[in-house]
Amino acid sequence: MRPLKAAELLLVWERGLNLTLLERALLLLAAACPESDADTIAGWPIGARDAHLLHLREWIFGPLLVNTARCPRCGEQVEWESRVSDFDQPPPQELPAAGYALRAAEWEVRFRLPASRDIAAVMGDTGADANRALLMSCILAVSRGGAAWAPEALPPAVAADVMARMEALDPLADIRIALTCPQCADQWHAGFDIAGYLWAEIRQWAEQTLAAVHQLARAYGWSESQILELSPLRRQLYLGMIHT
């Protein structure tokens, strides 16, 4: 994995304009991880994928994360801050050849961790149906009393145990931020989606960068590639000199 240059990041942003958020995340990682092909990246566990996105975000915009959430009780907007290092847990990189195993009573389940391709496959489903379909896609084998069973035969309690085990094995797959409302003191955990957060930052950065390119090209006659080769600090200093 490597940082992206300004011209590379602009190209990723442009190519991702008409894609889904999931496709945008994979596009970003494909550009930043030339050592891995697209199919390999799509097969990474979600926690591994999001750990890479967090590190990429730190390279591009720094370690501080600032976001807002609505209090579920009173509707107050709450601002929170975290650092990328707060989520620096070693994610699973490769699935064991035989998968992970879970035993519950007479049931034995072998499974793998959900990946981006699994999420893409269930995007048309909603709620409990989506969760069930996602679980079924990640089950490799089911047996009861030594006999093979279809994954769909899993009792709800065993299925819930498998999903809980998946979450424990891949904690970065569902990032939650503990928050307290300053207005009503309600406490809850807000979800944090690094893919959506990072893409919103990239969109804002791209619009600002293109505006800077326009001004500098008109003032100095430089090409886009020449301007993008400048450091952000030097671009800003040149912009300041235009108006002096």
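1. Alanine 185 is exposed in this predicted model, because its relative accessible area is 53% and the threshold for that class is over 50%. The residue is found in the loop between β7 (175-180) and β8 (187-192). Its backbone deserves a reader's attention: the phi of alanine 185 is near 70°, a positive value in a residue other than glycine.

2. Alanine 105 may be read alongside this loop residue. Alanine 105 lies in the loop between β3 (100-104) and β4 (107-111), and its phi is also positive, at about 55°, although the residue is not a glycine. With a relative accessible area of 77%, alanine 105 is exposed.

3. Serine 116 provides a buried example. The residue has its place in helix α5, which covers residues 116-121. Serine 116 counts as buried because its relative accessibility is 1%, where the limit for burial is under 20%. Setting aside residues up to four places away in sequence, serine 116 touches Leu22, Leu26, Ala42, Trp44, Ile46 and Arg49. Of these residues, Leu22 and Leu26 recur in point 6 as members of α2 that meet α4, and Arg49 recurs there on the α4 side.

4. The nonpolar interior comes next. The largest nonpolar core contains 47 residues, and those with the most contacts inside it are Leu28, Leu53, Leu54, Leu65, Trp188 and Phe192. Helix α8 gives the most to this core, contributing 11 residues. A second, separate core has 17 residues, including Val109, Phe111, Leu113 and Cys138.

5. What does leucine 28 touch, not counting residues up to four places away in sequence? The list consists of Leu4, Leu9, Val12, Leu53, Leu56, Leu198, Trp199 and Ile202. Among these partners, Leu53 and Leu56 belong to the α4 side of the contact with α2, while Leu198 and Ile202 belong to the α8 side of the contact with α4. Leucine 28 itself is one of the α2 residues that meet α4.

6. Three helix pairs merit individual description. Two packed helices are described by the angle between their axes and the distance between the axes. Helix α2 (residues 21-32) and α4 pack at an angle of about 65°, with axes 11 Å apart. The two helices are therefore roughly perpendicular to each other, and α2 passes α4 in a left-handed crossing. Leu22, Ala25, Leu26, Leu28, Leu29 and Ala32 in α2 meet Arg49, His52, Leu53 and Leu56 in α4. By class, this contact has eight nonpolar residues, one polar and one charged.

7. Helix α4 (residues 46-61) also packs with α8: the axes come within 10 Å and cross at roughly 30°. Why are α4 and α8 described as roughly parallel to each other? The reason is that angles under 35 degrees fall in that class, so the pair is roughly parallel. The crossing of α4 and α8 is left-handed. On the α4 side the contact is made by Asp50, Leu53, Leu54, Arg57 and Phe61, and on the α8 side by Ile194, Ala195, Tyr197, Leu198, Glu201, Ile202 and Trp205. These residues divide into nine nonpolar, no polar and three charged.

8. The third pair joins helix α8 (residues 194-220) with helix α10 (residues 232-242), packed at an angle of about 55° with their axes 10 Å apart. Helices α8 and α10 are therefore oblique to each other, and their crossing is left-handed. Ala212, Gln215, Leu216, Ala219 and Tyr220 in α8 meet Arg235, Tyr238, Leu239, Met241 and Ile242 in α10. The residues of this contact comprise eight nonpolar, one polar and one charged.

9. Histidine 55 completes the account of α4, the helix in which it is found. Is histidine 55 buried, exposed or partly exposed? The residue is partly exposed, because its relative accessible area is 33%, a value in between the limits of 20% and 50%. Leaving aside its neighbours within four places in sequence, histidine 55 is in contact with Met1 and Asp88. The C-alpha atoms of histidine 55 and glycine 75 are separated by 32 Å, and the two residues are 20 residues apart along the chain.

How values were computed. Residues are numbered from 1 along each chain as its sequence is written. This is a predicted model: local features need pLDDT of at least 70, side-chain atom pairs count only at pLDDT 80 or more; totals for chains, interfaces and linings use all residues. Side-chain values use heavy atoms; hydrogens and water are left out. Axes are lines fitted to C-alpha atoms, for helices over the stretch in contact, and angles run from 0 to 180 degrees between N-to-C directions. Helices (H or I, at least four residues) and strands (E, at least two) are DSSP runs, numbered from the N terminus. Angles under 35 degrees count as roughly parallel, over 145 as roughly antiparallel, 65 to 115 as roughly perpendicular and the rest as oblique. A crossing is left-handed if the near helix is turned anticlockwise from the far one by less than a right angle, and right-handed if clockwise. Contact means heavy atoms within 4.5 Å. Ala, Val, Leu, Ile, Met, Phe, Trp, Tyr, Cys and Pro count as nonpolar, Asp, Glu, Lys and Arg as charged, and the others, Gly among them, as polar. A nonpolar core is a set of buried Ala, Val, Leu, Ile, Met, Phe, Trp, Tyr and Cys residues joined through side-chain atoms within 4.5 Å. Buried means under 20% relative accessible area, exposed over 50%, partly exposed in between (1.4 Å probe, protein chains only).
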